[in-house]
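Here is a short tour for a reader new to this structure. Look at the model first, then follow the text below.

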Amino acid sequence: MCGIVGYVGWRNAESVLVQGLRALEYRGYDSYGLAISDGTLSVVKDAGRISDYRTNGVSSGAVGIGHTRWATHGVPSAKNAHPHTDCTGNFAIVHNGIIENYSALRAELLAAGHIFSSDTDSEVIAHLFEECYDGDLLGSLREVVARLEGSYAVLVISAQDDAIAAARNRSPLVIGVGDGEMVCASDLLPVIQYTRDVIFLEDGDCALVSKDSLRIENGEGPVVRAQQFVAYDPEAAKKTGFDHYMIKEIFEEPEAFSRTLAAMQDIEEMQTVLKGARGMTVVASGTSYHAGMIFRYLMEEFSELPVRTEIASEFRYVRPSPDEVVLVISQSGETADALAALRRAKFHRCRTVALTNTLGSSITREADHVFYTAAGPEISVAATKSFIAQLAALMKIVSLSQGAQCSLLLADVKQAIEAVLQLDVTKATDACAGASTLIAIGRGVFYPVALEAALKMKEISYIHAEGYAGGELKHGPFALLSEETPVVAFVPPGETRNLMLANLKEIASRQAPIIAIADPGDVDVADIAEVVIPVRHRNVFADVAAYTVAAQMLSYEVAKRLGRDIDKPRNLAKSVTVE
C-alpha cells in the first residue's frame, strides 16, 4: 500500500523522486523519504506528507529511490520512514508489502551484531543486503529475496553502483524505459511523465536497472518481459480547477460509465465464460464488494443464474464449487485479499474472471478471463468513478441475458448521472454535518447502495455511519434513533417503495431526521422527510447509478463542510496490497 519510486538516468534524481512520490501519495501519506547516490548515499526522511516536502538539493545525483508510507509495522515517524539503510550506510532500500518472517530474520541479524534503527519489518532487507553483498548488486538482491517470506516490491541502491536492483513478489512494480533513463514505481503515474514504454515485472522477478539497460531474472536465468506502450493522459491525473480530486472524479462519472460500456464489447467471451455454469460467486472488498452486491440483485432479476457475493478476505473460509464462475473485482488489480481469493478459486478448479481498472496488474495475469473498466486514473482514496465504471461493466454483463431490452435501459444511465451532478444538496448537508452517527437504508438493489453511501460518509467525513436493509432497522438499529441521528433513505419508485414508506413513518415517529433520495414527484415521501434529494425515476439501472452519485455528492459536501482532508482520509490508502 506504500508508494515507491526509483530513478536512474541523467536528470536530478531528487526532483524526479519528489514529483513521482506526490503522484503516489494516495498509496500512503504518513511519512516519506529519499535516498540518492552520488558516490555516497544521501538520505532524507520524515513523518508527514511528501506534498509538504520542498526540494532542497540534498544531492545532485542521478540515481535514487523514494517512498511514501502507509504504516503497517511501527508508528508513523521519521525513524520508521523509508528508505532504510544498513549498518555501513552503503545500501538503502524501499519496500512495499509485508515481510512475514521478519521477526526471525531480525533476531538472527541482531545476534550477528547488526543494529536496527526502526520498528519496521522492511529494515531487515537492508541488513540482509549488507550480509550478502559481494559487488554484484543483482546477485546480492537475489540472495536476499530468497530468504524473504511474504509480499514485496523492493528497490535497492548502493553508494558504489550507478544502478537500481529491483524485485517483486505479490506487490506491483513497473519499469518505465526511457531515452537514457529508467523509472521504477508502484504504478504508472510517476512513470508516464517521462515515458509511455513500460515493462511490468512479474512475481519472482529480480532486475538490474541502469540508465541504458535492463536485465531481468527469474529463477536460474534471464527472462524477457514484454514492453508495452501505455496510452495514458497525464492531464487526467490533475485537479484541473476542482477543489479536490474526489469531486473532479465524481464529475467524470458520466464519461467513465460510457467509456466502460464501450470497452465491454467482447460479449462472446463472457458468454463463453458463463456457458454451463451453475452459478457465479462475486468476490471483492469495500466499494467493489458493494458493486458486486448490486450485480447480484440485477443478475438474478434479469437472468436465471444464481449469484452469491463474498467478502474477499472471507473467501478463504469458503469452499467454491468447480462448476461455478468466480468473478473477482479489484480496482487496482493488486488487492491482496482479492488475489488470494482468485488463487483459491483456481485451486478449486473454478473458472475465474477478473474485473479491474489497471492494465498489467497482478490479477490480469492470473485470471482465466479479464475485463477492464475504463475509469481512467482515480487519485482520491475514496472510490467514486471506479465504482460507477464497475457498475457499467457489471450491468453490461447483466444485459447479456436480455439483449436489446437492457441495452435501452443502459442508454439512460449517463444522462441520469449528469442530471444528479446539477443538484444542490445544501439542505441535506445541513442535516448531516452536525451528526455523530448516521444511518443509511434501502431495500432490494438499493440496500447495497445504502451500504456504499454509509461507507463513503464514514471514509471522508469521519461521521460514524452504518448501512442497513430497511427491514432490519427494527431488529436492533432502532435503538440508535434520536433527534441527533439522521437517516438517509433510498426510496425509488417500484416494488420496495411502499415498504420503505412504512419504514420512514416508523423512523419519523422516533424523531430522527430523514433525508430521502427519491423521485421529485413522490408527494408521500415529501410529506414525511425533512429533506428530499430529488432524483428523477428512469429505470432500475439508471436509478441505482444516480442514487449512488447523489450519496457520493452528499458525503463530499459534508466532509468539505467539516474541513476534512477529503482526498487523503486518515488511516486509509487506495491500493490495499496487504491482507
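In this predicted model, helix 8 (residues 286-302) packs against helix 11 (residues 385-399) at an angle of about 20 degrees. Their axes are 10 Å apart. Angles under 35 degrees count as roughly parallel, so helix 8 is roughly parallel to helix 11. The crossing is right-handed. From helix 8, the contact includes Ile294, Phe295 and Leu298. From helix 11, it includes Phe387, Leu391 and Leu394. The residues of this contact divide into 12 nonpolar, 5 polar and no charged.

Next comes a sheet. It is open, has 7 strands in the order 5-6-7-8-12-13-14, and pairs in the antiparallel sense. Strand 5 (84-85) and strand 14 (221-222) stand at the edges. Each has a single partner strand, so one side of each lacks a neighbour in the sheet. Within the sheet, strand 7 (residues 150-158) pairs with strand 8 (residues 164-169) over 5 bridges. Val156 stands opposite Ala165 in strand 8.

Some backbone details remain. Most residues other than glycine have a negative phi, and most peptide bonds are trans. A cis peptide bond joins His82 and Pro83, with omega about 0 degrees. Pro83 lies in the loop between strand 4 (63-69) and strand 5. Two residues with positive phi are listed here.

| Residue | Phi | Loop | Relative accessibility |
|---|---|---|---|
| Arg170 | near 60 degrees | between strand 8 and strand 9 (174-177) | 30%, partly exposed |
| Gln511 | about 65 degrees | between helix 16 (497-508) and strand 24 (514-518) | 48%, partly exposed |

Key. Residues numbered from 1 in each chain as written. Predicted model: local features only at pLDDT ≥ 70, side-chain atom pairs only at ≥ 80, totals over all residues. Heavy atoms only, no water. Pairing = 2+ DSSP bridges. Helix = DSSP H or I, 4+ residues; strand = E, 2+ residues; numbered from the N terminus. Axes fitted to C-alpha atoms, helices over the stretch in contact; angles between N-to-C directions. Parallel < 35°, antiparallel > 145°, perpendicular 65-115°, else oblique. Left-handed = near helix turned anticlockwise from the far one by under 90°. Contact = heavy atoms within 4.5 Å. Nonpolar A, V, L, I, M, F, W, Y, C, P; charged D, E, K, R; others polar. Buried < 20%, exposed > 50% of the residue type's maximum accessible area, 1.4 Å probe, protein only.
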